Amino acid sequence: MDVTLDKKLQGFQLVAQEKLQAIICSIPGKKELILEPELIKPLEHVCTASWLKLKGIQRIYKHDAKQRLPRAADQVHIYMIRSVLGTFQTLLRQLQPLAVLTPNESPELALRMFHIICVPSCYAYFHALLEQAGLWGLVQLHHYNWDFIYLDHGVLSLELPNLYECLYLQGNTSALPAVGQSLRLLQMICGQPSMVLTFGGHAAQLLQVMKALGPVPESNNPPDFGAWLIIDRDKDYASSLLTPAIYAGLLLEVFQLRAGEIVIDNANNKIRSQKLQLLQGKLEYTPNASGSNSKPSCIRLNSACDEIYADNRYKHFAQASSFVRGQVKALGLELQKLNDMQLEEMHDYVARKLPKLTELKAKVLRHLNASEIVIQMLGNFRHLQTLEEDILNNVSRKRLLAEIDELLTTDGQRFNTLRLLCLLHLCAGVAPDELQGFARNYCNMFGHRELCVFQQLAQAGLLPALQPERKSSAKLLSNLPLPKFQQTEFQANANRLKLLTSCADAEQSAGADASALPALKSCPSFVFNGTYIPLAAQLCSILLNANNADQLATKLAMIEGLQMHVGGQSSTAKAYAAQLKTGSTGTETADLFPLRLRNLFVFVVGGANYAEIAACDFVAKLTNSKITVASDALLAGSDLIAAAFNN
């Protein structure tokens with residue numbers, strides 16, 4: 001089943017190739033493809049340059065937003081861009097002189113010399129903007145959706161990094177139909193599950209989109225997934241805001257990710273780019289291997305392509321980094337054997353083993369370089385994890401605010417400092433006066449143009465709304481030590497689902513050597529050093545361990561917004577269990593729990609992270625099941641905060 005399911009998920013590439021081929025082959029003439037730079041890496045998962053040339057593409061260029069590529073009279077230019085309004089308008093401004101230069105161009109579709117492929121959707125207002133620019137009849141619009149990209153075993157991504165910004169910061173749901181079409185295609189390939197569990201408004205909307213697209217054709221093959229779980233990102237912000245303790249998660253915290261590949265660039269990583277220039281002056285002397293002119297190396301986060309990553313991806317970072325150092329020493333000892341070999345043995349060794357060892361050495365050195373940069377960039381990682389644990393447990397709010405303010409001054413990280421404040425608001429709540437003081441200090445540090453960022457984060461529910469400054473009498477009243485008995489929504493759900501874990505060994509293991517770390521990995525919370533269980537992993541564990549509907553209803557009854565969709569009907573877990581008792585549902589749903597098919601599909605609307613993926617992988621091993629995690633993109637916590645700066 002595992003091999004068959006993996007082959008089906010990898011088959012999305014063939015579907016994407018067929019869809020792209022249909023667009024390219026419908027355009028006659030000598031074709032040249034101009035790609036938006038952000039689309040190059042995801043497109044490499046779909047097809048190669050040689051495949052494009054076989055389909056009629058003569059040359060491939062990278063799109064330059066500052067100048068238009070010259071075109072010969074018999075050439076057809078095909079632009080491929082993301083469905084982002086700013087990018088589309090920039091391209092239209094480049095092409096607008098065509099309305100004056102070629103007024104007599106034939107309006108027939110077959111003779112149009114300019115085509116724009118929008119990924120993943122071509123919105124209706126794109127056609128209106130095209131007409132306003134005077135390019136109607138000269139430029140043809142297409143839409144292309146490559147659906148899910150297979151990044152690693154059990155990891156799928158739509159590679160739509162701006163979806164979180166659209167849904168949670170702008171309130172724009174126009175991208176959801178494209179996501180719904182991809183999920184419907186997954187149903188057509190892997191079969192319909194017996195149950196879908198949704199948590200959040202956008203998750204419920206996705207299910208409505210899938211229903212509006214029509215029923216899925218029936219298949220004679222059994223389904224590959226027993227249940228689907230679709231979760232909104234804002235239902236578990238903590239999994240993104242907390243700093244992970246695993247190897248893959250910390251790689252994503254420091255390095256830029258491009259379609260499952262990280263760029264090991266010490267001079268321009270996520271930490272350096274967000275840090276105040278004044279505070280990182282002392283780090284400028286950091287050696288960067290062979291020189292600044294050399295091209296940065298890359299690590300593909302795919303266990304089938306990189307055995308070093310496969311062995312360490314979900315391990316604690318301290319354990320993984322010590323393993324990599326051990327591999328370096330072992331390779332050095334292996335290569336020293338050449339000195340003791342005779343001539344015939346040396347010829348055989350060089351012909352058979354040396355090429356593999358050379359390739360393995362290059363991989364190990366890349367991982368060693370990456371782990372050393374992570375250690376250097378994160379600085380006092382133990383202090384950061386202790387601070388995050390105190391925030392989760394709401395220990396001394398005033399001290400926590402003071403420490404975050406101190407980090408703002410001493411560390412000067414544009415995104416990660418805001419990230420800690422958002423985590424504090426999520427777990428304990430931040431008062432408007434406290435936010436005003438922090439915002440004042442933040443704008444003094446990074447500039448007052450960043451004031452609008454706080455409104456954006458408030459729109460996403462990560463911070464309270466900024467309010468006008470109160471008068472002095474009101475300030476005195478607000479400072480009175482009144483008792484607070486109300487819980488935040490996060491605290492309530494975390495307590496009901498037992499997401500917060502007080503692991504006594506966690507503090508000891510944080511400062512212990514790598515040999516003591518395996519003892520910590522007895523719970524999915526190991527991804528956060530034993531402090532928090534990701535919501536997706538806990539819900540998967542509840543679904544896989546439920547023996548009947550009553551047991552499921554007992555654990556999920558108090559969670560608002562969580563809906564079960566069985567047989568075309570939607571209800572809460574409690575209502576579903578009550579229907580089974582009264583016999584108002586069909587006989588097929590009576591045997592739903594325990595799940596017979598122990599394969600789950602998890603989709604996070606708004607970006608998943610490697611901590612969630614690792615925790616789900618751990619639950620799958622504990623329950624002898626398989627969990628596939630998918631999302632629109634893989635994002636670190638700093639990426640969520642950085643999205644607020646794009647508006």
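Is T4 buried, exposed or partly exposed? Select T4 and take a look: this is a predicted model, and in it T4 is partly exposed, because its relative accessible area is 42%, between the 20% and 50% cut-offs. Show the ribbon around T4 and you'll see helix α1, residues 2-10. Now add D224 to the selection. T4 and D224 sit 220 residues apart along the chain, yet their C-alpha atoms are separated by 9.0 Å.

Next stop, the interior. Pick I116 and F603: within the largest nonpolar core, which has 199 residues, these two touch the most other members. Then highlight helix α29, residues 610-623, which gives the most to this core, with nine residues. In soluble globular proteins, nonpolar side chains tend to be buried together.

Go back to I116 and bring up its contacts. Leaving out residues up to four places away in sequence, I116 touches Y79, I81, F88, L91, L92, L95, V139, Q140, L141 and H142. There's also a second, separate core of seven residues; select V324, L331, L357 and L360, which are among them.

Now colour by pLDDT. The chain averages 85, and 85% of its residues reach 70 or more. For the extremes, jump to strand β15 (residues 599-605), where confidence is highest at a mean of 97, and then to helix α25 (residues 504-510), where it is lowest at 36.

Two last selections: residues 105-110, with pLDDT below 50 and 10 contacts in the model beyond near neighbours in sequence, and residues 282-292, where pLDDT stays under 50 and the model has 11 contacts beyond four places in sequence. Where pLDDT is low, the predicted coordinates should not be read in detail.

Key: Residues numbered from 1 in each chain as written. Predicted model: local features only at pLDDT ≥ 70, side-chain atom pairs only at ≥ 80, totals over all residues. Heavy atoms only, no water. Core = buried A, V, L, I, M, F, W, Y, C linked by side-chain atoms within 4.5 Å. Buried < 20%, exposed > 50% of the residue type's maximum accessible area, 1.4 Å probe, protein only. Helix = DSSP H or I, 4+ residues; strand = E, 2+ residues; numbered from the N terminus. Contact = heavy atoms within 4.5 Å. pLDDT = per-residue confidence, 0-100.
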